[in-house]
Amino acid sequence: MMRRTAAVVAALLSLASGACSEGEEALDRPTNVAFGARGEVYVADGYNHARIARFAPDGTYEASFGEKGFARGQLDTPHGIATDPAGRIYVADRENARVQVFDAEGRVVDVWQGPAIGRPWGIARAPDGTFFVVDGGDQDPKHPRSGIVHLTAEGRVIERFGRFGRGPGELAEGHAITVGSDGSVFVTDLGGRVQRFRRRGAR
């Protein structure tokens, strides 16, 4: 499995480095990656292409969906990406301040947004099927904001924790997020660190 994963990552890196290529498989400043139920690789090709590209387990390009815009199904800096066992793809549509949920064919099935969710920069699925989103804020120095949002599998807010700052448990600009097998939440911060948050009752 590790060898296959390394081969796929190497193939995708070579595609990213050839961003000047006009082929559909060429990536241009991709932001994140997630694996599907059958081993396929979904890439948030975010900063310039504003799409989600899908590759086979061996790195062969298969398809893509999304285009730049703010309408339902369109994307503006798809920055984080996660999947679930049912084949759905969850995209942190950063500049549109929402999470869009797509089926395996790239059709929108749900949209999560609102003040409690903020501007999602990253998203991760926890072992219990819930989701964590890092709200990186609006990059507005007059109204700084950052935090972590815990959501149900249907997108309902369970809780929000963390705030803007540089102290323990605070985030200057929360950037990417993942969840460990024990439920610990790891968040990268553009302030220059990674923080681990433990669920209540966990060791």
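A residue is called buried when its relative accessible area is under 20%, exposed when that area is over 50%, and partly exposed in between. With this scale in hand, the following report looks at the charged pairs, the rings and some of the strands of the structure, which is a predicted model.

**Charged pairs**

Side chains of opposite charge can pair when their charged atoms come close. The structure holds 17 salt bridges, and three of them are listed here with the separation of their N and O atoms.

| Salt bridge | N to O distance |
|---|---|
| E40 and R38 | 3.9 Å |
| E62 and R38 | 2.8 Å |
| D138 and R119 | 2.7 Å |

R119 has a relative accessible area of 17%, and because this is under 20%, R119 counts as buried. Its partner D138, with a relative accessible area of 37%, is partly exposed. D138 lies in the loop between β10 and β11, whereas R119 lies in the loop between β8 and β9, so the salt bridge ties together parts that are 19 residues apart in sequence. This pair also belongs to a wider arrangement, since salt bridges that share partners join R119, D135, D138, R145 and R160 into one network.

R38 takes part in a salt bridge with E40 and in another with E62. E62 lies in strand β4 (residues 61-65) and R38 in the loop between β1 and β2, so this pair ties together parts that are 24 residues apart in sequence. E40 counts as buried, at 8% relative accessibility, while R38 is partly exposed at 48% and E62 is partly exposed at 30%.

Another arginine, R54, is found in strand β3 (residues 51-55), and its side chain makes a polar contact of 2.7 Å with the side chain of E62. Leaving aside residues up to four places away in sequence, R54 touches several others, among them R38, E40, E62 and A104.

**Aromatic rings**

The structure holds six aromatic pairs. In one of these, the ring centres of F65 and F102 are 4.8 Å apart and their planes stand at 45°, so the pair is tilted. F65 belongs to strand β4 and F102 to strand β7 (residues 98-102), and the pair thereby links distant parts of the chain, 37 residues apart. Both F65 and F102 are buried. Elsewhere, Y90, W112 and F131 form one aromatic cluster.

Charged side chains are also found over rings: R29 lies over the face of Y47, at 4.4 Å from the ring centre, and the charged end of R94 sits over the ring of W121, 4.3 Å from its centre.

**Strand β16 and its neighbours**

In a regular strand the side chains alternate between the two faces of the sheet. Strand β16 (residues 185-189) shows such an alternation, for V185, V187 and D189 point to one face and are buried, while F186 and T188 point to the other face and are not buried.

Strand β16 pairs in the antiparallel sense with β15 (residues 174-179) over five bridges, and five bridges likewise join β16 to the antiparallel strand β17 (residues 193-197). On the β15 side, A176 has T188 as its bridge partner, and on the β17 side T188 stands opposite V194.

Both pairings are hairpins. Five residues lie between β15 and β16, and G183 in that turn has a positive phi of about 90°; three residues lie between β16 and β17, where G192 in the turn has a positive phi of about 105°.

Terms used
Residues are numbered from 1 along each chain as its sequence is written. This is a predicted model: local features need pLDDT of at least 70, side-chain atom pairs count only at pLDDT 80 or more; totals for chains, interfaces and linings use all residues. Side-chain values use heavy atoms; hydrogens and water are left out. A salt bridge is a side-chain nitrogen of Lys or Arg within 4 Å of a carboxyl oxygen of Asp or Glu. Buried means under 20% relative accessible area, exposed over 50%, partly exposed in between (1.4 Å probe, protein chains only). Helices (H or I, at least four residues) and strands (E, at least two) are DSSP runs, numbered from the N terminus. Rings of Phe, Tyr and Trp (its six-membered ring) pair if their centres lie within 6.5 Å; planes under 30 degrees apart count as stacked, over 60 as edge-to-face and the rest as tilted. A charge sits over a ring if NZ of Lys or CZ of Arg is within 6 Å of the ring centre and within 35 degrees of the ring normal. A polar contact is a pair of N or O atoms within 3.5 Å; within protein, one must be able to donate a hydrogen and the other to accept it, and residues adjacent in sequence count only if both atoms are side-chain atoms. Contact means heavy atoms within 4.5 Å. Two strands pair if DSSP finds at least two bridges between them.
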